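Work through the exercises below with the sequence and the structure at hand. Each task is followed by a solution in steps.

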Amino acid sequence: MNPRRLLALPLVSLLLIALLIPFVTGCARQDQDGARVAGNTLHLFNWNNYIAPQTIVRFEELCNCKLAQDYYSDNEEMLAKLAAGATGHDLIVPTGNAMDTLIRQGALKPLDKSLLPNLKNINPAYLDTEFDRGNKYSVPYAYTLTLLGFNAERIKELGLPTDTWAIIFEPEYLEKIKGRVTVLDSQRELMAAALKYLGYSANDTDEGHWKQASDLIIRAKPYWAAFSNTSYIKELAIGNLWVAHGYSNDMFQAALDATKTGRRFTIGYSTPKEGAVLALDSLVLHRSGHRPDLAHQFINFMLDGKNSAELTNLIGSGNPNTGAMQYIRPEIANNKAIFPDAELHNRLEMLHDLDRKKRRLLSRLWTEIKLR
Amino acid sequence: MRRGNIWLWSMAVLIYAFLYIPLAIVVLYSFNDSRLNAEWVGFTLSWYQALFNNTEMLTAARNSLIIAFSASLGATVLGTMAGLAIHRYKLKVLPILVFTPVAMPEILLGVSLLLFFLQVLNLTLGMVSIIIAHTTFCIGFVAIIVRARLQGMDESLFEAARDLGASRWQTFRLVTLPLIMPAVVAGALMSFTLSIDDFVITFFTKGVGEPILPIQIYTMIKVAVTPEVNAISTLLMLLTLVMIIIAARLESRASSGRVKMPREIVKQ
Amino acid sequence: MIKEAPRENRAARYLVSGPPLLFLVVFFVAPTLIMILTSFRFPGEFGGLAPIAAPAEKISGEYGFTPEAYQFFFSDVLYAKIFLKSFGVALATTLICLIMAYPLALLIARSEKRFRNLMVLLVVLPFASNFLIRIYAWMIILGPESAFSHFVNAILGAFGLAPVTLLFSPFAVLVGMVYVHLPFMILPLYTNLEKHDASLLDAAQDLGATAWQRFWRVTWPLSLPGVFSGSALVFIPVLGMFAVPDILGGTGDILIGNLIKDQFLGTRDWPFGSALSIMLTLAVLSVAGLATWFARSATGQRA
């Protein structure tokens with residue numbers, strides 16, 4: 001045997017990839033990259049599937065540039081990467097409390113509002129939030145509610161209420177749906193639901209109240225199948241789960257999937273009367289971005305009602321853009337679980353960030369809950 | 001002997017089944033005409049069609065393959081050296097250095113390499129940083145398997161070669177390397193699978209505007225699994241298979257006629 | 001032992017051990033030192049780390065170095081419990097992998113030479129698809145309405161036992177863990193078994209040893225280095241794994257990997273996450289050290 005054999009295998013393979021795959025993908029790429037200069041790129045750090053493909057195409061035509069996205073699946077992933085010093089992102093789409101953190105870290109660039117004439121389209125109810133007074137840094141993009149999704153037929157059969165957190169916390173209800181319930185695998189979201197059910201604020205940091213909430217969670221835990229952040233979408237849609245604590249756009253997806261695949265049941269979702277968490281995602285400029293000009297152009301583009309509506313029609317997210325309402329499909333626009341009315345809006349809260357001591361305490365409480 | 005073989009074969013079939021049943025589901029549902037991976041509805045190629053129009057996903061697959069091949073190449077060379085050195089020279093520090101990355105939680109490795117790249121080396125993140133990071137945690141896997149191969153090996157083989165006047169390089173080339181080859185190949189294959197699957201370290205060490213497959217899939221799954229992901233997994237597997245077969249063909253043609261059994265050399 | 005001229009020996013030694021040593025010192029030791037320092041710092045108020053020196057415009061908060069993260073670890077028996085539990089799961093996974101991998105590795109090693117590479121490739125090929133996709137496939141297999149679940153419950157029913165839920169359980173976590181780590185046991189075992197000299201077994205047979213005796217007295221002791229390295233490559237990575245318990249586990253399946261991930265991607269507590277990782281690494285290294293010592297005395301006796 002020849003030692004050249006040792007190198008031959010990987011080297012040949014490397015060569016093959018280097019030669020073959022660009023060729024394959026090249027065909028698909030040509031029309032997109034075309035004459036565009038390499039440096040003419042807007043870098044967006046975004047959630048996956050959080051902008052409609054046709055919107056991207058139109059924006060790239062308009063700006064004669066390329067929109068390159070990098071993805072995260074959780075605010076914390078994005079914050080960790082940026083905290084370590086990662087640079088090069090022009091735009092980020094953080095949720096309220098993460099944006100609060102970024103502002104306080106001094107990681108963001110102030111907006112130039114003269115470049116954003118479409119800002120007038122935003123519903124004032126979503127402007128001037130406690131996280132960014134006067135919207136110095138941020139423009140609202142989309143929002144979701146944390147609520148309850150359920151198998152409508154099954155829950156009706158069992159005669160269970162769907163307008164209260166009691167269904168995931170009270171053993172008298174849970175007994176009928178044992179092992180068919182999941183709750184979010186998120187310290188803040190689950191505590192918020194428990195605190196809301198107990199009549200406290202979702203942002204309550206009183207340790208006594210936390211203890212009450214964690215007792216409530218521990219009492220209900222044996223009835224839950226799992227903590228789940230993603231799989232509940234599919235499991236609801238195929239009928240394995242009957243109740244799930246989760247996000248409104250995920251419930252929208254589950255309901256759509258159930259209908260499209262011809263299930264004999266429908267997936268319903270509603271906001272509990274005790275109140276719930278509202279997560280407002282905003283577009284912000286990162287300090288390290290190279291193309292603030294393109295970034296402003298993009299924000300103004302997304303503030304246009306038609307472009308903004310495309311996202312809502314795609315994933316069923318809430319839309320803070322009044323100009324978008326006319327383009328949104330009526331079954332979404334009239335869904336109260338996606339577009340809460342004014343009365344319900346008063347019972348929604350946005351989560352605030354916790355200080356580091358509270359974070360550590362909550363983490364220990366959460367570990368205790370899980371280990372029980 | 002025969003009865004033992006039947007027993008071995010049936011166990012082996014069961015284990016191959018264990019390895020391939022989940023995979024069969026992945027492949028099957030990539031042709032399923034339903035967005036939900038739940039039950040068979042009908043045959044379709046639409047997921048593959050969607051995939052071939054998804055530039056981002058294809059670029060991500062290409063980037064991931066390049067990273068996986070480069071990192072497994074680097075890790076195999078360095079890991080084999082480390083394995084040999086540990087076995088031959090009874091070193092004290094190297095074994096700890098080689099095995100600790102295997103024991104270190106990957107998230108810590110990811111964050112620490114990110115801090116190191118950005119704040120100490122002042123490096124721009126990109127493919128190179130990912131390849132370095134993957135090489136770091138794969139070296140240990142290769143070294144461990146190479147060392148296990150060498151352990152208990154008949155030292156007289158090496159001595160005999162030396163006594164016959166073979167130089168150190170000749171001994172390595174004609175005796176040692178062929179003997180450890182199965183371990184080297186196994187180490188390379190392990191590194192490849194580790195690299196192509198890694199989400200955490202890749203997320204932290206990747207640069208901007210560069211799609212990498214595990215990141216695309218991981219973040220996409222948060223929005224529910226679509227059969228498009230099954231399709232890319234199927235293709236990735238096929239592509240890996242084809243490339244390994246072509247590479248094996250090419251290199252066996254290149255080196256045919258020169259293959260000698262190590263023991264014959266020693267006996268000469 | 002190889003006897004060589006000392007100078008030549010030293011040159012070769014540096015040539016072989018130098019490159020991996022250098023690479024690891026730069027890309028592993030240096031970053032790790034950063035993380036050891038990190039474990040002695042305060043978490044930043046908004047994530048990341050608090051500065052070492054107080055900034056000019058004094059914001060409230062603490063700066064400098066502190067053993068606080070370690071104190072927090074030892075302040076509650078909770079974390080020790082998670083360590084124990086994780087080591088239990090890792091041990092169970094390792095044993096199951098060993099039992100499953102051994103026959104297959106043995107078969108591959110004893111197959112005709114031209115089939116061996118193909119059989120090894122077949123072991124690794126499923127792992128060229130995506131990790132998460134494979135785990136999601138297990139969700140389908142273990143789901144409450146799956147054929148497998150019905151089959152298991154039919155058998156249980158025949159014995160008059162209550163039906164069980166497979167998904168979201170410690171069982172599902174174990175299945176996932178074994179599935180993900182099985183090749184890391186098969187490959188080292190195979191590379192070890194492949195080099196065994198068949199003439200030894202023939203000799204044993206000539207001496208009248210039964211099949212079981214031949215395995216237990218000849219094959220098994222010779223394969224111990226493979227068993228130990230395979231076990232290390234399964235046991236250790238299981239401890240850091242968080243995705244499998246996250247996806248397949250139920251409400252109680254938290255392992256040390258999940259806890260560490262939470263510190264970096266949940267609680268923004270890098271010092272505590274680093275401290276936990278360092279404790280875990282130390283624990284693993286001491287277990288590995290013990291195992292090496294044990295392996296050395298076990299194989300040493302038989303050599």
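**Exercise 1. Place A:F227 in its surroundings.**

A:F227 belongs to strand β7 (residues 226-227) of chain A; strands (E, at least two residues) and helices (H or I, at least four) are DSSP runs, numbered from the N terminus. The model is predicted: local features need pLDDT of at least 70 and side-chain atom pairs count only at pLDDT 80 or more, while totals for chains, interfaces and linings use all residues. Residues are numbered from 1 along each chain as its sequence is written, with chains lettered from A and ligands numbered from 1 in the order in which they are written.

Is A:F227 buried or exposed? Count the other C-beta atoms, placed from the backbone, within 10 Å: 20 or more means buried, 12 or fewer exposed, and anything in between partly exposed. A:F227 has 25, so A:F227 is buried.

Next, list the contacts (C-beta atoms, placed from the backbone, within 7 Å). Beyond the neighbours within four places in sequence, A:F227 touches A:T182, A:V183, A:L184, A:D185 and C:T251. The C-alpha atoms of A:F227 and A:V181 are 9.0 Å apart, with their positions 46 residues apart along the chain.

**Exercise 2. Describe the packing of α6(B) against α9(C).**

Start with the axes, which are lines fitted to C-alpha atoms over the stretch in contact, with angles from 0 to 180 degrees between N-to-C directions. The axes of α6 (residues 127-150) of chain B and α9(C) come within 9 Å and cross at roughly 165°. That makes α6(B) roughly antiparallel to α9(C), the class for angles over 145 degrees.

Then name the residues. α6(B) contributes B:F141, B:I144, B:I145 and B:A148, and α9(C) contributes C:P225, C:G226, C:S229, C:A232 and C:L233. Sorted by class, they are seven nonpolar, two polar and no charged residues. Here Ala, Val, Leu, Ile, Met, Phe, Trp, Tyr, Cys and Pro count as nonpolar, Asp, Glu, Lys and Arg as charged, and the others, Gly among them, as polar.

**Exercise 3. Characterise the interface of chains C and B.**

How many residues of each chain take part? The contact involves 75 residues of chain C and 77 residues of chain B. On the chain C side, α1(C) gives the most, with 17 residues. That side divides into 56 nonpolar, 14 polar and five charged residues.

**Exercise 4. Relate the two domains of chain A.**

An automatic or database assignment sets the bounds: domain 1 is 36-142 + 279-331 and domain 2 is 144-277 + 352-371. Their C-alpha centres lie 28 Å apart. Domain 1 of chain A brings eight residues to the contact and domain 2 of chain A nine.

Methods
Contact = placed C-beta atoms within 7 Å. Parallel < 35°, antiparallel > 145°, perpendicular 65-115°, else oblique.
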